[in-house]
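I opened the notebook today to look up pockets, surface patches and charged pairs in a single structure. My notes follow the order in which I looked things up.

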Amino acid sequence: MWEDNRNKRGGRWLITLAKQQRHTELDRFWLETLLCLIGETFGPYSEDVCGAVINIRAKGDKIAVWTREAENRDGVTHIGRVYKERLGLSHKVVIGYQAHADTATKSGSLTKNKFVV
């Protein structure tokens, strides 16, 4: 399912946006995501980030930051906390991390979050 071997044991931090947010938040979130990757914002865990993807859908959009090792709790949660802060999300907003192994066997909305921040 994931062509690159570095992604197989990893997962993704997933931001889901309602279609109304497309005009207010999507561009800003995507730009900030790219700046995080380019600037190696995640400190000692920057090398654990494999990439990012944006999905534009009729029902709502998604942005995901992919990591290489879903079992690295410290690294994954550090990346999630920094990412959430850089996006300027309120502490009340919860974002989830899904392991690729879990998403491969379930449809998107049924996949349980492995970690949340």
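These entries cover salt bridges, then a pocket, then a surface patch.

Entry 1, salt bridges. I worked from a predicted model, and in it I counted 5 salt bridges. One of them joins the side chains of Glu69 and Arg9, at 2.4 Å from N to O. Because Glu69 sits in the loop between strand 3 (60-67) and helix 2 (73-87) while Arg9 belongs to the segment before strand 1, this pair ties together parts that are 60 residues apart in sequence. I noted Arg9 as exposed, at 60% relative accessibility.

Entry 2, a pair with a buried partner. I then looked up Arg22 and Asp61, which form a salt bridge whose closest N and O atoms are 2.5 Å apart. Arg22 lies in the loop between strand 1 and helix 1 and Asp61 in strand 3, so the pair links parts 39 residues apart in sequence. Is Asp61 buried or exposed? Asp61 is buried, with a relative accessible area of 0%, whereas Arg22 counts as partly exposed at 28%.

Entry 3, the second largest pocket. I recorded about 190 Å³ of space in this pocket, and of its 14 lining residues those closest to the centre are Leu14, Ile15, Thr16, Val94 and Ile95. Strand 1 gives the most to the lining, with 4 residues, and by class the lining has 8 nonpolar, 4 polar and 2 charged residues.

Entry 4, a nonpolar patch. I found that Leu31, Leu34, Leu35 and Ile38 make a nonpolar surface patch of about 380 Å². Leu34 lies in helix 1 and, at 32% relative accessibility, counts as partly exposed.

Note on methods. Residues are numbered from 1 along each chain as its sequence is written. This is a predicted model: local features need pLDDT of at least 70, side-chain atom pairs count only at pLDDT 80 or more; totals for chains, interfaces and linings use all residues. Side-chain values use heavy atoms; hydrogens and water are left out. On a 1 Å grid over the protein atoms alone, a cavity is a set of points where a 1.4 Å probe fits but cannot get out, and a pocket is an open set with protein on both sides within 12 Å along at least five of seven lines; lining residues have an atom within 4 Å of a point. Grid points are joined across faces, edges and corners, and a volume is the space filled by probe spheres set on the points. Ala, Val, Leu, Ile, Met, Phe, Trp, Tyr, Cys and Pro count as nonpolar, Asp, Glu, Lys and Arg as charged, and the others, Gly among them, as polar. Patches are made of residues with over 30% relative accessible area and no salt bridge: like charges are joined within 9 Å, nonpolar side chains (Val, Leu, Ile, Met, Phe, Trp, Tyr) within 5 Å. Accessible areas come from the Shrake-Rupley method with a 1.4 Å probe; for residues, only the protein chains shown count as cover. Buried means under 20% relative accessible area, exposed over 50%, partly exposed in between (1.4 Å probe, protein chains only).
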